[in-house]
Amino acid sequence: MNKNKILKEFIDRDFFELPKKSFDCLKYSFKFGWTDDRVEDPYPHLYICNKTSVYDKFLIGKTFKFNYLILKDEIVKQIYDGTLPKHKLKSLLNHIKILYDAFISIVIFPERNQTVFGDTGFISKNMTDFLLETKFDIRFFSLIGTYFSAPIWTNDFRKCTVSYRRQFEIKYNDAKNMSSEKFNDKVNEFMPSSASVYTKKVQLGMLSTKRAQNLETIVYCCPNCKKFFSIYSERNCIKCNNCQSAVELLENGDIILTKNVHNFDELNDFQYKELSKLKFTNKPIISYPTANLCTVFDNNSINIIGDVKLDIYQTKIQATKNDYNKTIEYHDVREIEFAPSNTLIIYLSDGNKIGFVGKNKENLYIISDLFKNFKEKTAL
Ligand SMILES: [Zn+2]
């Protein structure tokens, strides 16, 4: 079978996707740093990339001269969690063998999610065991600059210069002699460590006059006076309506004019530390009158509930609307993920999912931190 036929056939199947070549990246002011230096690859590889923005998979196509397919996000998550049914996994590995024999490369973003502050997430052992089973040589690859082009906390695009970095390679012949644990360690060691650090190192800033816009959807604690939910954003600054301080977000992601934090990572650690100090109370930490809610059941049917009143407590979330009343206790939750466009996805232990979409400036990010804090405390 020829390559084009295989590519066409495989894109239509469950596992893979190929972003349209015609995707109009320029519309969003991406400037490419590799115009004369696109990656050629005579041999098929498995490309492992860190996930820094929703555009990575579109932009990566601009760097490759060879044929490749991207493993779908949904499948990546199921491999990561170990929830991909055995028969599907077997079928996926068969597909991969056909692609390998046809010299078609595969791109995988092996993290479960894009992280809020650009750090690379941990790659699970389920995922690295899978990588080993593909029998490909593995190349580590990162796109640089995309993180600030579309941070998870905004719908606004920023101009950015995108570049890439090819990093390490692990040959299958070396990897196959490693223990499962050792291979997992190696992959996590070789993954690009932080999108914001790379961005800074190569001086690719976020070129925008509204850099801090919507930042209050993830910053819930003032880095100056430590008051909760007092932050609002204005162009390049976050401001506090309690202490009246203004903190500017610089192009490289640093933060000036505060004694407590200097950059994104510190800001995140700082507010989490303050959250962990909160005394236990039966009252909601915050209530939102207008958050949007949809329920996704385990058969993937979606039920849109619409606008709900959302009360966020230290141990649970309550959503109410007329005769609809849903309480989500954190001990019934497996995982909470904060996704782009101010969306929160709650994975319940019974296999169901519930999604919240912030409509205005709701700080839904605090829910994932409250859940983390609850897990840490109840694990003691
Ligand atoms: Zn303040």
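**A first look at the predicted model**

1. A good place to begin is helix α10 (residues 365-379), which lies across β13, β14 (316-321), β16 and β17 (343-348) and runs at about 150° to β16. Contact here means that two C-beta atoms, placed from the backbone, lie within 7 Å. Axes are lines fitted to C-alpha atoms, for helices over the stretch in contact, and angles run from 0 to 180 degrees between N-to-C directions. Helices (H or I, at least four residues) and strands (E, at least two) are DSSP runs, numbered from the N terminus.

2. Before going further, two notes on reading the model. Residues are numbered from 1 along each chain as its sequence is written. The model is predicted, so local features need pLDDT of at least 70 and side-chain atom pairs count only at pLDDT 80 or more, while totals for chains, interfaces and linings use all residues.

3. How confident is the predictor? The average pLDDT of the chain, a per-residue confidence from 0 to 100, is 84, and 88% of the residues score at least 70. Among the elements, β14 has the highest mean (96) and strand β2 (residues 30-32) the lowest (55). Please read residues 22-28 with care: pLDDT stays under 50 there, and the model has 6 contacts for them beyond four places in sequence.

4. Now to the sheet beneath that opening helix. Its 7 strands form an open sheet with antiparallel pairing, in the order β15-β14-β13-β12-β18-β17-β16; strands pair if DSSP finds at least two bridges between them. β15 (324-329) and β16 (333-339) are at the edges with a single partner strand each, so one side of each has no neighbour in the sheet. On average, neighbouring strands are turned by 30° against each other, direction ignored. Within the sheet, β12 (residues 286-296) and β13 (residues 302-312) run antiparallel and are joined by 9 bridges. One such match sets alanine 291 against valine 308 in β13.

5. Elsewhere, three strands follow one another through two hairpins. β8 (residues 231-234) pairs with β9 (residues 237-240) in the antiparallel sense over 4 bridges, with serine 233 opposite isoleucine 238. Their hairpin has 2 residues between the strands, and arginine 235 takes a positive phi near 50°. β9 is also joined to β10 (residues 246-249), again antiparallel, by 3 bridges, and cysteine 237 stands opposite glutamate 248. This second hairpin has 5 residues between its strands, with glutamine 244 at a positive phi near 65°.

6. Which residues of α9 are buried? They are Phe264, Leu267 and Gln271, where buried means 20 or more other C-beta atoms within 10 Å of a residue's own, exposed 12 or fewer, and partly exposed in between, with C-beta atoms placed from the backbone. Seen down the axis, these buried residues fall within an arc of 60°, so they line one face of α9; the arc is that of the directions from the helix axis to the C-beta atoms. Asp269 and Lys273 are exposed on the face turned away from the buried side.

7. Helix α5 (residues 125-133) buries Met127, Thr128, Phe130 and Leu131. Their arc is 155°, so they too line one face of their helix. Their cover includes β3 (46-49), α3 (73-81), β6 (138-144) and α7 (180-190). Glutamate 133, also in α5, is exposed, with 12 other C-beta atoms within 10 Å. Just after the helix, lysine 135 has a positive phi of about 65°.

How values were computed. pLDDT is the predictor's confidence in each residue, from 0 to 100.
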